[in-house]
Amino acid sequence: MALFKRNPFGHILFFKKWLIRIMGLMTHQRYKQFNKLQIEGSEIIRGLPGTNVLFVSNHQTYFADVVAMFHVFNASLSGREDTLKNIGYLWKPKLNIYYVAAKETMKQSILAKVLAYAGSISIERTWRADGKDVNRQVKMSDITNIGTALQDGWVITFPQGTTTPWKPLRKGTAHIIKRYKPIVVPVVIDGFRRSFDKKGLYIKKKGILQSMQIKEPLEIDYDNESIEEIIEKLEYAIEQHPSFLHVIPEEELAAYEADHQKRRYSHRG
C-alpha cells in the first residue's frame with residue numbers, strides 16, 4: 001500500500017512526513033523568533049538534482065544544525081528566497097534528506113531516536129566512543145549505508161566529527177566522495193554554538209544572529225585528486241582550514257576556547 005511505502009532503510013514515509021511536520025512546527029521559532037537565522041544561497045538548493053548530493057558543513061551542536069538545514073532546504077525547495085517565512089513549506093517536505101550521525105549519540109534518549117527516524121544514518125565513530133579516544137576500523141556497512149542514502153537522495157555530513165571548531169577533517173568523507181562521486185555542496189554555519197546548548201536541544205541565549213551560507217558545488221576531479229587534496233578543498237570550503245585561524249580576532253578565539261572548556265567540565269560533571 002502507498003500509505004506504508006518505505007525508504008531503503010525501512011522507514012515508513014507517511015510516518016516520517018508527519019514526524020518532520022511536527023518537529024518542524026516545534027522548532028520553527030528557534031530560527032525565526034527567539035533567534036534570527038540569516039540564510040544565503042537558497043537558489044543553489046533549488047538547482048540541485050534530487051539524488052546523489054552530499055552537503056558538507058562545519059558543526060556547532062548535535063541537533064540544531066541539522067534541524068536548521070531541514071528547514072532551510074525545504075523552504076528553499078518551496079520557493080522561499082533566503083527565508084523561513086510561511087511555515088507551509090513543511091506540508092510537503094523532501095523525505096529523502098539524510099544526515100550522518102554517531103550511533104551512540106542517536107541512542108542516548110527517546111528524542112534522539114525520534115530524530116534518527118527523521119533521517120539519521122547512524123555510524124560507529126572510529127576515533128571516539130563513550131567520551132574516550134579509540135582506534136577502530138571503519139565498518140563497511142556504514143559506508144554502504146551512506147552510499148544507499150546518496151542513491152536515494154541528499155546526505156548531510158559534518159566531516160570534522162566534532163562540534164569543536166578548526167579540528168582536522170576525517171578522511172572518510174573524502175573516500176565517500178571518491179567512491180560515490182556525489183555533487184558536493186559546502187555549508188557554513190555560525191551562531192548556533194552561542195544560541196544553543198551543546199546538544200542543540202535547549203536555547204541557551206536569545207537574540208543571537210545565526211547564519212547559514214550555502215555555497216556553489218565544488219569542482220572535484222573524482223578520479224585524479226588525492227584524498228589529501230579533497231580534504232584540503234573541503235577545509236577551505238567550510239572555512240575550517242588552519243589558515244583561517246590567522247584572520248580571526250584573538251578575542252573571538254579566546255571566547256571559543258573558554259566556551260569549549262566550559263563544555264568539557266560540564267560534560268565531566
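Among the contacts in this protein chain that link residues at least 6 apart in sequence, 72% join residues at least 24 apart. The model is a predicted one, and its secondary structure comes to nine helices and nine strands. Of the 269 residues in the chain, 50% count as buried.

Before looking at details, it is worth asking how far the prediction can be trusted. The pLDDT of the chain averages 85, and 84% of the residues score at least 70. Over residues 260-269, however, the pLDDT is below 50, although this stretch still has seven contacts in the model beyond near neighbours in sequence. Where pLDDT is low, the predicted coordinates should not be read in detail.

Helix α6, which runs through residues 171-180, shows how a helix can be placed against the rest of a chain. Its buried residues are Thr173, Ala174, Ile176, Ile177 and Tyr180. Viewed down the axis of α6, these buried residues fall within an arc of 160°, and therefore they line one face of the helix. The spacing fits a general rule: an α-helix has 3.6 residues a turn, so residues three or four places apart point the same way. The cover over the buried residues of α6 includes the strands β2 (53-57), β7 (154-157) and β8 (183-190), together with the helices α5 (140-152) and α8 (227-237). Just after α6 comes Lys181, which takes a positive phi of about 50°.

The loop between α3 (64-77) and β3 (97-102) holds Arg80, and Asn96 is found in this loop as well. What is the nearest side chain of opposite charge to Arg80? That side chain belongs to Glu81 and is 10 Å away, and Arg80, though buried, has no salt bridge. The side chain of Arg80 does reach the backbone oxygen of Asn86, at 2.6 Å. Leaving aside neighbours within four places in sequence, Arg80 is in contact with Ser42, Arg46, Ala75, Lys85, Asn86, Gly88 and Tyr89.

Is Asn96, for its part, buried or exposed? Its relative accessibility is 17%, and because buried means under 20%, Asn96 counts as buried. The side chain of Asn96 makes a polar contact with the side chain of Lys94, at 2.9 Å. Not counting residues up to four places away in sequence, Asn96 touches Gly50, Asp152, Gly153 and Trp154. The C-alpha atoms of Asn96 and Ala118 are separated by 9.4 Å, while the two residues are 22 residues apart along the chain.

Notes: Residues are numbered from 1 along each chain as its sequence is written. This is a predicted model: local features need pLDDT of at least 70, side-chain atom pairs count only at pLDDT 80 or more; totals for chains, interfaces and linings use all residues. Side-chain values use heavy atoms; hydrogens and water are left out. Buried means under 20% relative accessible area, exposed over 50%, partly exposed in between (1.4 Å probe, protein chains only). Helices (H or I, at least four residues) and strands (E, at least two) are DSSP runs, numbered from the N terminus. The arc is that of the directions from the helix axis to the C-beta atoms. Contact means heavy atoms within 4.5 Å. Lys and Arg count as positive and Asp and Glu as negative; His and the chain ends are not counted. A salt bridge is a side-chain nitrogen of Lys or Arg within 4 Å of a carboxyl oxygen of Asp or Glu. A polar contact is a pair of N or O atoms within 3.5 Å; within protein, one must be able to donate a hydrogen and the other to accept it, and residues adjacent in sequence count only if both atoms are side-chain atoms. pLDDT is the predictor's confidence in each residue, from 0 to 100.
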